[in-house]
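Biologist: I'd like a close look at one helix in this model, and then a walk through what surrounds the sheet. Could you take me through it?

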Amino acid sequence: MLSVVPGATSRLRDLRSELRAAAPEDRAARLREAAREIRRRDLRMIVRAGQGHIGGDFSAADVLAVLYLAVLDLDPEHPDRPERDRYIQSKGHASGALYATLAYAGFFADADLDTYMEPLSALNGHPNRRKIPGVETSTGPLGHGLPVAVGAALAARLDGSARRTYVLTGDGELQEGSNWEAAMSAAHYKLNRLTVIVDRNRFQQGAPTEGTNSLEPLAGKWTAFGLRTRHIDGHDHEALFQALSAEPADDRPLCLIADTVKGKGVSFMEDRVEWHHKVPSADQTAAALEELSR
């Protein structure tokens with residue numbers, strides 16, 4: 001098991017308080033820089049390992065930065081505290097972005113990122129809750145995260161707890177029927193402290209989602225299943241903060257369809273399907289790091 005960074009809880013708590021109290025433009029600027037740093041770390045991890053899902057990592061990095069640094073009530077030094085918020089990453093193949101974010105938040109040391117994908121490393125290609133502090137459930141098979149999140153939100157309801165549950169899904173994985181069974185249950189039980197975030201980058205593996213199995217009208221589907229649904233710019237840090245931190249408006253779960261760009265932040269990766277699972281060359285790495293440092 002990886003070891004927490006000493007003092008991480010107080011630092012994360014202070015950062016979260018500062019960000020919540022900051023003026024919107026200052027909050028967005030700090031979160032934007034944090035997301036750039038998460039992408040830089042992720043890039044170095046993938047290049048060192050020679051494998052990873054950089055396109056989907058980069059499309060989700062802004063959502064992760066906002067959640068972990070400004071929204072979620074978490075305690076890195078006591079990651080199993082019962083009253084913590086729950087975050088479940090259903091798109092488990094985007095592990096690089098999750099690990100970089102967890103290290104940024106102090107759940108384990110930055111140096112541990114160097115072990116990504118190594119034999120017997122805790123930081124495998126998909127997150128493992130038995131090995132990594134801060135990981136709520138092991139994910140990899142697509143379509144499993146939302147059902148688990150519904151269970152977590154229902155458990156909070158039964159406990160009389162105000163804790164919140166967030167789940168990030170890929171858009172391609174919504175072709176799995178288990179998601180829609182879970183959505184139907186979430187609405188039935190009025191789990192209004194559950195938030196589903198769809199990373200809508202419009203690509204899956206080697207093709208656009210709409211060419212594989214059309215999802216549209218996606219918002220209409222979630223609404224028909226009983227969720228409160230809205231589109232949001234998945235790279236607008238202030239919009240994400242406001243949407244993810246807001247108290248429930250009614251008794252329905254919330255689905256945020258986050259419109260994102262695959263490979264966001266690096267011009268030659270953006271909206272290019274081949275970067276779903278590709279490792280940049282040395283020259284491409286240098287160019288990407290230069291873009292991510294602007």
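Biologist: How far apart are the end C-alpha atoms of helix 2 (residues 24-49), and what should its 26 residues span at 1.5 Å a residue?

Modeller: Quick housekeeping: this is a predicted model, where local features need pLDDT of at least 70, side-chain atom pairs need 80 or more, and totals for chains, interfaces and linings use all residues. Numbering runs from 1 along each chain as its sequence is written, and side-chain values use heavy atoms, without hydrogens or water.

Now your helix (a DSSP run of H or I, at least four residues; strands are E, at least two; both numbered from the N terminus). At 1.5 Å a residue, helix 2 should span 38 Å (1.5 Å times one less than its number of residues), and its end C-alpha atoms sit 37 Å apart, so the two agree. Just past the end of helix 2 comes Gly50, with a positive phi of about 80°.

On to the sheet. It's an open one, with five parallel strands in the order 1-2-3-7-6 (pairing takes at least two DSSP bridges). Strand 1 (86-89) and strand 6 (228-233) are at the edges with a single partner strand each, so one side of each has no neighbour in the sheet. From one strand to the next, the twist averages 20°. At the strand 6 end, that strand pairs with strand 7 (residues 254-259) over six bridges, in the parallel sense. There you'll find Thr229 opposite Cys255 of strand 7.

Two helices are worth following along this sheet. Helix 5 (residues 145-159) packs on it, touching strand 1, strand 2 (165-170) and strand 3 (194-200) (contact means heavy atoms within 4.5 Å). The direction of helix 5 makes about 170° with that of strand 2 (angles run 0 to 180 degrees between N-to-C directions, with axes fitted to C-alpha atoms, for helices over the stretch in contact). Helix 9 (residues 237-245) lies across strands 2, 3, 6 and 7, at about 160° to strand 6.

Helix 5 also has a helix partner: it packs with helix 6 (residues 177-188) at about 20°, axes 8 Å apart. The pair is therefore roughly parallel (under 35 degrees; over 145 is roughly antiparallel, 65 to 115 roughly perpendicular, the rest oblique). Leu146, Pro147 and Val150 of helix 5 make that contact with residues of helix 6 including Ala182 and Ala186.

Finally, helix 3 (residues 54-71) packs with helix 4 (residues 95-104) at about 30°, axes 9 Å apart. That makes this pair roughly parallel too. Among the residues that meet there are Leu64 and Tyr68 of helix 3 and Leu98 and Leu102 of helix 4.
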